[in-house]
Amino acid sequence: MIAVSQGRLQDRRPVSIIDIGSNSIRIVVYEGLARAPTVLFNEKMLAGLGRGIVSTGRLDPEAVTRAMAEFRRFRALSNQAGAVHMHVVATAAAREAENGPDFIRRAEEVLGTEIHVLSGRQEAHYSALGIISSFCSPDGISGDLGGGSLELTDIKGEKIGDGITLPLGGLRLQDMAGNDLEEAVKIARREVARAHMLKAGQGRVFYAVGGTWRNLARLYMEKTGYPLDVMHHYEPPMENILPFLKQVAKGDIERMKGIEGVSKARRALLPYGAIVQKEIIAAMKPARIVISAAGVREGYLHSLLLPSEQEADPLLAACAELAQLRSRSFTHARELADWTGTAFEEFGIEETPEEARYRRATCLLADIGWRAHPEYRGTQSLNIIAHAALLSVDHPGRAYMAMTNMFRHEGLYSNSAAGIQKLAGERYLERARILAGTMRVVYLLSAAMPGIIPQLKWGRGKDGELALVLPANLSALYGERPAARVTQLGKVLGRPVSLAVEE
């Protein structure tokens, strides 16, 4: 039996999933089947199975040979990682090619398991589930652009509505257009016009799924100097994205900043991805475009969870796991998350449901940097939170969480991470300082151990000001430093606050 590191959750058994797409083939091994699955291993190859399928009707023979060799490696990797189950799904190229059934039969022999060849409807369904699994109350239309097809699906909360599959995958569009970008525009416009459900998306969100669109977004990040290198939930500004897409759609990309970060095999498809996205924006008129790192694979795994597991909040689930793995006391982290809700009420701070989620998540992560040298705990905490594989949190919210923990360690008016501070915005920055100021008090009184926080109450001081009251049995914890921290908290709140002992 393989010994499991203490850096992993002890109750998880790895599972793997292989996604056989028209352009890429990927294996992802997860720590376990969970609401917020953590990746143990991730590898892909750009096989190009669907290249030329429009003219030949068959999978590319060289790509088939390369894929079979890679399947042997993927199976060995899944076994090496200790995966208790290997799920395999195949999409457009495998289901449409004349030699698709033979390819699937051979692949099943190599992989030693059944391959689920998804219909267009199933592919759209699982892609929509990927959005549902990774965004809080999504409301809009998801577009999953692969190598062979584009799946468009209407999503409202947990409900999956109308959908359509269009032959607009990057490889297919390139083949249909004969490498002619002007012809590709005509084809994309004609096909997108068939997606009448896009009209229902006006003023809502377009969730962009797929490697080509993620690479376009990364190029735009590089072009604009965006401060957070996290793809999931990135929102390029609508007023500027169209000129960028028009530039890429002309094929003028080789001199663009950041293009070296896109593989040469992917670069050729970027103009086609830009053309399709531009036509969708014109037809749908969305209020926002949001990039998703989750798609068919994540949606398929989400479908395997129990209904009660699906209902869990993925952000809070992931943060709870990090707290279990990295904090001095998971119980203390949960106490802090509960108690700060009451504190904010005493401060007169109203929270939206989303803001309350972010505050709880921030508290769960408040102690994840404790093993670092004290001078670097703030920086380490910020970097972990800012770049962690967290779901269901937008970039300003992620910045709020990261800056809170920076302020907690470095001081409430630290000028570090200016880009992240700007991303958070004034409202979140103010709350980050208040929450960090509260943490700076609590940790001095609790020594990061459980049992103290629930005993701390709010009352009135001698002059009628708001006071944090220590019960008599905890009077020995009173001291100059925590009292000074409480005073500092009051300055951030804009009102006097004192530390008192219950009489």
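## Cavities, pocket and local features of a predicted model

The lining of the second largest cavity is made up of ten nonpolar residues, one polar residue and no charged residue. The structure described here is a predicted model.

**The second largest cavity**

This cavity has a volume of about 60 Å³. Its lining consists of Trp213, Leu216, Ala217, Tyr220, Tyr234, Pro236, Ile241, Phe244, Leu245, Gln277 and Ile291. Two elements, α8 and α9 (238-249), each give two or more residues to that lining. The largest share, four residues, comes from α8.

**The largest cavity**

In total, the structure holds three cavities of 30 Å³ or more. The largest cavity encloses about 420 Å³ of space. It is lined by 30 residues, of which Asp19, Ser24, Asp144, Gly146 and Gly210 are the closest to its centre. Two or more lining residues come from each of β2, β6 (139-145), α8 and α12. By class, the lining of the largest cavity comprises eight nonpolar, 14 polar and eight charged residues.

**The largest pocket**

The largest pocket contains about 1,200 Å³ of space. Among the 46 residues that line the pocket, Pro37, Val39, Ala293, Ala389 and Leu391 are the closest to its centre. At least two lining residues are supplied by each of β2 (25-30), β3 (39-45), α8 (211-224), α12 (296-303), α14 (314-326) and α17 (377-387). The pocket lining divides into 23 nonpolar, ten polar and 13 charged residues.

The table sets out the volumes and the lining classes together.

| Space | Volume | Nonpolar | Polar | Charged |
|---|---|---|---|---|
| Largest pocket | about 1,200 Å³ | 23 residues | ten residues | 13 residues |
| Largest cavity | about 420 Å³ | eight residues | 14 residues | eight residues |
| Second largest cavity | about 60 Å³ | ten residues | one residue | no residues |

**Cysteines**

A search of the whole structure finds zero disulfides. Why is Cys136 not bonded to the closest cysteine sulfur? The closest cysteine sulfur, in Cys319, is 13 Å from the sulfur of Cys136, which is too far for a bond. A disulfide would require the two sulfur atoms to lie within 2.5 Å. For Cys319, the closest cysteine sulfur is in Cys363, at 10 Å, and this distance is likewise too far for a bond. As to surroundings, Cys136 is partly exposed at 41% relative accessibility, whereas Cys319 is buried with a relative accessible area of 0%.

**Positive phi angles outside glycine**

Lys285 is not a glycine, yet it has a positive phi of about 55 degrees. This residue is found in the loop between α11 (270-284) and β10 (288-292). With 48% relative accessibility, Lys285 counts as partly exposed.

Ala417 is not a glycine, and its phi is also positive, at about 55 degrees. Ala417 is placed in the loop between α18 (395-410) and α19 (418-446). Its relative accessible area is 26%, so Ala417 is partly exposed.

**The annotated C-terminal region**

An unreviewed UniProt entry lists residues 315-499 as "domain: Exopolyphosphatase C-terminal". Over residues 315-499, the chain is 61% helix and 6% strand. The C-alpha atoms at the two ends of this stretch are 33 Å apart.

Technical notes. Residues are numbered from 1 along each chain as its sequence is written. This is a predicted model: local features need pLDDT of at least 70, side-chain atom pairs count only at pLDDT 80 or more; totals for chains, interfaces and linings use all residues. Side-chain values use heavy atoms; hydrogens and water are left out. On a 1 Å grid over the protein atoms alone, a cavity is a set of points where a 1.4 Å probe fits but cannot get out, and a pocket is an open set with protein on both sides within 12 Å along at least five of seven lines; lining residues have an atom within 4 Å of a point. Grid points are joined across faces, edges and corners, and a volume is the space filled by probe spheres set on the points. Ala, Val, Leu, Ile, Met, Phe, Trp, Tyr, Cys and Pro count as nonpolar, Asp, Glu, Lys and Arg as charged, and the others, Gly among them, as polar. Buried means under 20% relative accessible area, exposed over 50%, partly exposed in between (1.4 Å probe, protein chains only). UniProt positions are given in the numbering used here, feature names are shortened, and annotations may be inferred rather than shown by experiment.
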